[in-house]
Amino acid sequence: MFDGPEPIYVQIAQMIRAQVLAGELKEEEQVMSTTQFATTFRINPATAQKAFAGLVEEGVLYKRRGLGMFVAPQARERLLEDHRKRYFEEVLAPALQQADILGISTDDVVAYVLGARDGKRTTEES
């Protein structure tokens with residue numbers, strides 16, 4: 001399951017973040033313990049613990065003493081805000097710089113985006 005180029009703990013954290021973003025894990029919902037996670041996915045418990053510790057540090061999860069790990073209040077909203085910010089910085093800003101280089105006007109970009117959203121974009125417009 002964890003066969004990406006990133007370390008397994010990073011992949012685990014990405015998986016949990018994706019579940020929170022998708023609404024599969026909701027605020028205050030308990031997540032698997034590190035032991036359960038390690039057993040289920042046949043990984044070292046320390047690897048799961050490292051992923052969970054990072055998510056606690058980010059404010060995605062929190063620990064209730066004696067009960068386990070839970071999805072933090074507002075975790076989804078924080079993740080959405082972070083992803084939106086990164087989208088603008090990493091995707092949209094470079095695309096707009098490229099449009100500038102190519103001489104594509106702001107009006108053309110806006111018309112293209114609106115057409116794509118409405119399903120009206122044609123190949124002549126692209």
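Angles from 65 to 115 degrees count as roughly perpendicular, those under 35 degrees as roughly parallel, those over 145 as roughly antiparallel, and the rest as oblique. The legends below describe close-up views of a predicted model.

**View 1. Helices α1 and α3 cross obliquely.** The axes of α1 and α3 come within 8 Å and cross at roughly 50°, and because that angle falls in none of the parallel, antiparallel or perpendicular ranges, the two helices are classed as oblique to each other. In this crossing, which is right-handed, α1 passes α3. The contact is made on the α1 side by Ile 8, Tyr 9, Ile 12, Ala 13, Ile 16 and Arg 17, and on the α3 side by Thr 47, Ala 48, Lys 50, Ala 51, Phe 52, Leu 55 and Glu 58.

**View 2. Glu 58 of helix α3 is joined to Arg 17 by a polar contact.** Glu 58 belongs to helix α3, which covers residues 45-58, and with a relative accessible area of 39% this residue is partly exposed. The side chains of Glu 58 and Arg 17 are joined by a polar contact of 2.6 Å. When residues up to four places away in sequence are left out of the count, Glu 58 touches Arg 17 and Arg 78. The C-alpha atoms of Glu 58 and Leu 79 are separated by 9.4 Å, with the two residues lying 21 residues apart along the chain.

**View 3. Helices α2 and α3 also form an oblique pair.** Here the axes come within 8 Å and cross at roughly 125°, a value that is neither over 145 nor between 65 and 115, so α2 and α3 are oblique to each other. The crossing in which α2 passes α3 is right-handed. Residues Thr 34, Phe 37 and Ala 38 of α2 meet Pro 45, Ala 48, Gln 49 and Phe 52 of α3.

**View 4. Thr 34 of helix α2 is buried.** Helix α2 spans residues 34-41, and Thr 34 has its place there. The relative accessible area of Thr 34 is 17%, and because the limit for a buried residue is under 20%, Thr 34 is counted as buried. Setting aside residues up to four places away in sequence, Thr 34 touches Pro 45, Ala 48, Gln 49 and Phe 52.

**View 5. The side chain of Gln 11 reaches backbone atoms of Gly 4 and Glu 6.** Gln 11 lies in helix α1, which runs over residues 8-21, and at 10% relative accessibility Gln 11 counts as buried. A polar atom of the Gln 11 side chain lies 3.2 Å from the backbone nitrogen of Gly 4, while the backbone oxygen of Glu 6 is reached by the side chain of Gln 11 at 2.7 Å. With residues up to four places away in sequence not counted, Gln 11 touches Phe 2, Asp 3, Gly 4 and Glu 6.

**View 6. Strands β1 and β2 form a hairpin.** Strand β1, made up of residues 61-64, pairs in the antiparallel sense with strand β2, made up of residues 68-71, and four bridges support the pairing. Among the residues involved, Tyr 62 has Phe 70 in β2 as its bridge partner. Three residues lie between the two strands of the hairpin, and Gly 66, located in the turn, has a positive phi of about 80°.

Technical notes
Residues are numbered from 1 along each chain as its sequence is written. This is a predicted model: local features need pLDDT of at least 70, side-chain atom pairs count only at pLDDT 80 or more; totals for chains, interfaces and linings use all residues. Side-chain values use heavy atoms; hydrogens and water are left out. Buried means under 20% relative accessible area, exposed over 50%, partly exposed in between (1.4 Å probe, protein chains only). Contact means heavy atoms within 4.5 Å. A polar contact is a pair of N or O atoms within 3.5 Å; within protein, one must be able to donate a hydrogen and the other to accept it, and residues adjacent in sequence count only if both atoms are side-chain atoms. Two strands pair if DSSP finds at least two bridges between them. Axes are lines fitted to C-alpha atoms, for helices over the stretch in contact, and angles run from 0 to 180 degrees between N-to-C directions. A crossing is left-handed if the near helix is turned anticlockwise from the far one by less than a right angle, and right-handed if clockwise.
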